[in-house]
Amino acid sequence: MKIKADYTSAPQWKELTIKSALPEQLQCLDELAHNLWWAWNYEARDLWRSLDPALYSEVKHNPVLLLERLSYDRKEEIVKDKKIMKNVKDVYAKFRAYMDVKPNSKRPSVAYFCMEYGINQVLKIYSGGLGMLAGDYLKEASDSNVDMCAVGFLYRSGYFRQSLSMDGQQIANYDQQDFNSLPIDRVLDENGNPLTVEVPYNNYHVHACVWRANVGRISLYLLDTDNELNSEYDRPITHALYGGDWENRLKQEILLGIGGMLTLKKLGIKKDIYHCNEGHAALCNLERLCDYIKEGLTFNQAMELVRASGLYTCHTPVPAGHDYFDEQLFGKYMGAYPAKLGISWEEFIGMGRTNPEDKDEKFSMSTFAINTCQGVNGVSKLHGWVSQKMFAPIWKGYYPEENSVGYVTNGVHFPTWTATEWREVYDKYFDPSFLGDQSNESIWHAIYNVPDEEIWSTRMALKQKLTDYIKEQFRETWLKNQGDPSRVVSLLDMIQPNALMIGFCRRFATYKRAHLLFTDLERLKKIVNNPEHPVKFLFAGKAHPADGGGQGLIKRIYEISQMPEFLGKIIFLEDYDMQLARRLVSGVDIWMNTPTRPLEASGTSGEKAEMNGVVNLSVLDGWWLEGYRQGAGWALTEKRTYQNQGYQDQLDAATIYGMLENEIIPMYYNKNKKGFSPDWIKVIKNSIATIAPHYTMKRQLDDYYDKFYTEQAKRFHKLAKDNNQLAKDIASWKEAVAERWDSIRVVSRENDLEQGVETGKNYKIRFVIDEAGLNDAVGLEFVCLHKNKAGEESIATVIPFKVVGQDGNCFTFEAEFEPDYAGTYKTGIRMYPKHAELPHRQDFAYVKWL
């Protein structure tokens, strides 16, 4: 037998994680690194940097990785360095003093659900505005010391990393995260074993590992399906944010809503309010319904409790932006739930339809959220109105302005987005109570006491910081992608802080109109090529990989930036993330936003700019419609001149060019002997004093408590008291009304309006209604409509009837109407169910027109 020269079995590799040991004196740093408190406390970030500046940069500001890679010798040096050790002691003492404060038990507790969270660029579980908002919300909840926890996903790849090809085509790169090197911990069960949650997917279960990110005092629980317990079809559920097909999206939303609630139950966590930040998490209410029904309640009784403690926040201004699922796909995973709820499949899927009996209508998570939440809100005043109109078809007996959809305008977390240089200015001049009273505009007025020279030097320091960052971060990428090294060197040399710098940085969706600035290239060329008044435009942002239009915009802007006349004047900065965003919102002079009205639900990047003395130039849409103050920024009107969008784009572009040429550039360069423009400083001070205080996350969180959480929690506990007695009573009353609704009839009516109507005269309307034994369960109102300026029917007046008599089942209603204005109106008599314990009409939206 011939002996083989080589005979090797397949290697049996096993993963071995070796932890870096810290000296006893530095043990506290591990605790500090695993709490994202450092993400918004500059003293902590300065501490990490001081341990090893070069390594801190190499690990991209990840303190967990920093501690892992610190050499033994360097650790010994740190222990012997008295200055660093004093800093370690001071920062840790500040952290512990912060953490040891107990939550405020006087405010309702909240469980918060969202698909993404932008807390720090180290933890890549965010893509854009929704995630930034959610991350800021958790930070402020921590700072405000409220009892809150949150649920989301730990994505293996997160959102994509963007690069551009040599011709400007966006390339999506998915880098896998090493969970062991992130500031997160595996959640353990009572026996000290890693916690796993089994989530039902009709006829099988998906197993989700549970991780915890400590966001200051707030626990963010992150679900992860990329484990060996799952099949190859289910491991990718949490691979990528907004990735995959519609089936994977449905799997994600089942995991977030149902899996999120199962996680909280397994941890023994109960809260007063369950807040769905977007419709992705709507199925948390389905699991809550099932839980109450398991406890012995009927479906209708359970719904009273679930609705009372549910809040749905919509961030989308158009119906097409919501998630809709085909009945067949939805049934594949959700077919077992009607039996659990004690209702039919048609009743169940109808909860996600605007028209429940329309079998061709897809299931909408947003509609399901609305039907299972007492509170619904948009994210700015304008978006609140847009949402009222968008969701009005759900409640067909009411006009948009009558429905209960409210709004809370988005804000930003001040400590996260305010540059250290500005934090120091505010600490120096503002009242010491400032951080706890951020919405108090009078405190911000102290900015007028800051010398103009100090404002200007702060701005210039941050502009220098931005230009240095661009040169450092993009040199290598540009040399690789742009071919000609001399061209890149020339481009880098052109990036100087002395120019007026204008930023346009956001998600590249077509409605945001990134192309607007390039409508007239000849006019733009003159603006950017004036050697006496240099102007530079910085663009950054990602387009969704499936959004060809958005990617085309990026490619076009890149092509223009490479033209000789625009080289170094129009600059596209790729891979827009939180770190680049912090540099841009504090480093440019003007923050520009040009969305198609009214498609910007809120927007928050301009609010971040406000905290840093960066002035806004924007369409009056989203938050800026409320935020704009004359003399504190620039605004394009919200009113349309043309219905043709192309014509409107041309007009808006011309308006922007005119503002730049005639107002903004001359003001910026009208400099005194000290090298700055006093008029420009005045605009900065006005914007900080009068706009910034109204757009902090502190104000937003307080608004949610004032407008929703507090009242809903109060009502929920009232319903749940005495073994849910009031919830049972209301459910029983609704069942009786629904059963007899069609039996309620008009016995008689008298209407003076039928005789002709004149202004200034008083007219009486009288109805006798047989309530079919319901006993004062209905109300009547006189509804008068007129046409608004847009030619749409809207409410002119609503006059309630009074009950003036009763004879058995018959109730007599009277109303008086005295018209003030002449004209043509439509009038009608609306009958509706009434009960003192209903939160609003849309809670039980039965309507009969008499």
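1. In this predicted model, Ala540 stands opposite Leu573, a residue of strand 17. The two strands concerned, strand 16 (residues 535-540) and strand 17, pair in the parallel sense over four bridges.

2. That pairing belongs to an open sheet of six strands, whose order is 17-16-15-18-19-20 and whose pairing is parallel. Strand 17 (570-573) and strand 20 (634-636) form the edges, each of them pairing on one side only, and the twist from one strand to the next averages 20°.

3. Turning to the nonpolar interior, the largest nonpolar core holds 175 residues, of which Trp48 and Phe348 touch the most other members. Helix 28 (residues 697-740) gives the most to this core, contributing 14 residues. Apart from this core lies another, of 95 residues, which includes Met132, Ile495, Ile656 and Phe676.

4. Which residues does Phe348 contact once its neighbours within four places in sequence are left aside? They are Leu286, Phe330, Met334, Tyr337, Pro338, Leu341, Ile343, Phe363 and Phe368.

5. Leu286, one of those contacts of Phe348, is also among the buried residues of helix 9. Because 10 of the 11 residues of this helix (residues 284-294) are buried, that is, under 20% relative accessible area, helix 9 is largely enclosed by the rest of the structure. Besides Leu286, the buried residues are Cys284, Asn285, Glu287, Arg288, Leu289, Cys290, Asp291, Tyr292 and Ile293, so that the buried set of helix 9, 10 of its 11 residues, includes Glu287, Arg288 and Asp291.

6. Helix 9 is followed by Gly296, whose phi is positive, near 115°.

Terms used
Residues numbered from 1 in each chain as written. Predicted model: local features only at pLDDT ≥ 70, side-chain atom pairs only at ≥ 80, totals over all residues. Heavy atoms only, no water. Buried < 20%, exposed > 50% of the residue type's maximum accessible area, 1.4 Å probe, protein only. Core = buried A, V, L, I, M, F, W, Y, C linked by side-chain atoms within 4.5 Å. Contact = heavy atoms within 4.5 Å. Pairing = 2+ DSSP bridges. Axes fitted to C-alpha atoms, helices over the stretch in contact; angles between N-to-C directions.
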